[in-house]
Amino acid sequence: MKTSDMAIRPATPDDGAGIAEVRHNAIQNVPAAYYDQSTLDEWSGSGEGRTQKLLSNSADVRIVAVTDSEIVGYGELVTKENLLGACYVLSSAGGKGVGRAIVAELERIAREHGITYLQLESSLNAERFYLCCGYRITERAKHFMRGGSVMDCVKMHKDL
Ligand SMILES: CC(C)(COP(=O)(O)OP(=O)(O)OC[C@H]1O[C@@H](n2cnc3c(N)ncnc32)[C@H](O)[C@@H]1OP(=O)(O)O)[C@@H](O)C(=O)NCCC(=O)NCCS
């Protein structure tokens, strides 16, 4: 896949299953050096309710990166919290600029909403990615997942 073969557009309700697949695949391919398997399993979730849970969170902007044949990336914003809530790229499409393009589009949309800064909680594996996108670290922290597990994470900030 070349980045020129990829487009970014708003997500539609029909994209739910594809988005869930990208998210699950991206998380399950996080290198083992960062988190143990049980943490990845809880983060990715599984089973029937996965798509519904994903699309019923508080995000109000959802975008997908698509090629002709599939969804290869997903990103979301919670505008009222100045929050970049998610960025996931299919592992087979990784390292080709898809993540950077998703973040740039979320920032463009955020500016349209009058947002002057974004914050996020990065997983440890994505820290260097967000640094490359111009975010700075504000705090090393813990993220509490719904199932009760705790993940190390990095709080980051960028002025737009
Ligand atoms: C993190 C993630 C979104 C990156 O997506 P991607 O499409 O592979 O990233 P890009 O190809 O756009 O990379 C953009 C820049 O970040 C750098 N980068 C990306 N991932 C990196 C990594 N793991 N380590 C170091 N640098 C990285 C790239 O080298 C690139 O820099 P360059 O433009 O100067 O060459 C993707 O790996 C992913 O979905 N990971 C699993 C889920 C996850 O952790 N998401 C974040 C949740 S907070």
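This passage describes the ligand shell, helix 4 and two strand hairpins of a predicted model.

The shell around the ligand comprises 20 residues, of which Gly94, Gly99, Arg100, Arg128 and Cys132 come nearest. By residue class, the shell divides into ten nonpolar, seven polar and three charged residues. Several elements contribute to it, and at least two shell residues each are supplied by helix 1 (16-28), strand 4 (83-89), helix 4 (98-112), strand 5 (117-123) and helix 5 (127-132).

Helix 4, one of these contributors, has 15 residues and reaches 21 Å from its first C-alpha to its last, which is close to the 21 Å expected at 1.5 Å a residue. Within helix 4, Val98, Gly99, Ile102, Val103, Leu106 and Ala110 are buried. Because these residues cover an arc of only 135° around the axis, they lie on the same side of helix 4. An α-helix has 3.6 residues a turn, so residues three or four places apart point the same way. The cover over the buried residues of helix 4 includes strand 1 (7-10), strand 2 (61-66), strand 3 (71-78), strand 4, strand 5 and helix 5, whereas on the other side of the helix Arg108, Arg111 and Glu112 are exposed. Gly99 thus appears both among the residues that come nearest the ligand and among the buried residues of helix 4. After helix 4 comes glycine 114, which has a positive phi near 80°.

Strand 3 and strand 4 run antiparallel and are joined by six bridges, with leucine 77 standing opposite leucine 84 in strand 4. Six of the seven residues of strand 4 are buried, so this strand is largely enclosed by the rest of the structure. The two strands form a hairpin with four residues between them. In the loop that links them lies asparagine 82, which has a positive phi of about 50° although it is not a glycine. Asparagine 82 is classed as partly exposed because 17 other C-beta atoms lie within 10 Å, a count between the limit of 12 or fewer for exposed residues and that of 20 or more for buried ones.

Tyrosine 74 is placed in strand 3 and counts as buried, with 26 C-beta neighbours inside 10 Å. Residues up to four places away in sequence being left aside, tyrosine 74 touches Ile19, Val22, Arg23, Val64, Ala86 and Tyr88. The C-alpha atom of tyrosine 74 is separated by 12 Å from that of alanine 93, and these two residues are 19 residues apart along the chain.

The second hairpin consists of strand 6 (residues 136-144) and strand 7 (residues 150-159), which run antiparallel and are joined by eight bridges. Lysine 142 stands opposite aspartate 152 in strand 7. This hairpin has five residues between the strands, and glycine 148 takes a positive phi near 105°. Strand 6 is hardly covered, since the count of buried residues among its nine residues is zero, whereas strand 4 has six of its seven residues buried.

An exposed position is also found in helix 2 (residues 37-44), where serine 38 is located. Serine 38 is exposed because 10 other C-beta atoms lie within 10 Å. The C-alpha atoms of serine 38 and glycine 95, which are 57 residues apart along the chain, are separated by 25 Å.

Definitions and conventions. Residues are numbered from 1 along each chain as its sequence is written. This is a predicted model: local features need pLDDT of at least 70, side-chain atom pairs count only at pLDDT 80 or more; totals for chains, interfaces and linings use all residues. A residue is near a molecule or strand if its C-beta atom, placed from the backbone, lies within 6 Å of it. Ala, Val, Leu, Ile, Met, Phe, Trp, Tyr, Cys and Pro count as nonpolar, Asp, Glu, Lys and Arg as charged, and the others, Gly among them, as polar. The expected span of a helix is 1.5 Å times one less than its number of residues. The arc is that of the directions from the helix axis to the C-beta atoms. Two residues are in contact if their C-beta atoms, placed from the backbone, lie within 7 Å. Two strands pair if DSSP finds at least two bridges between them.
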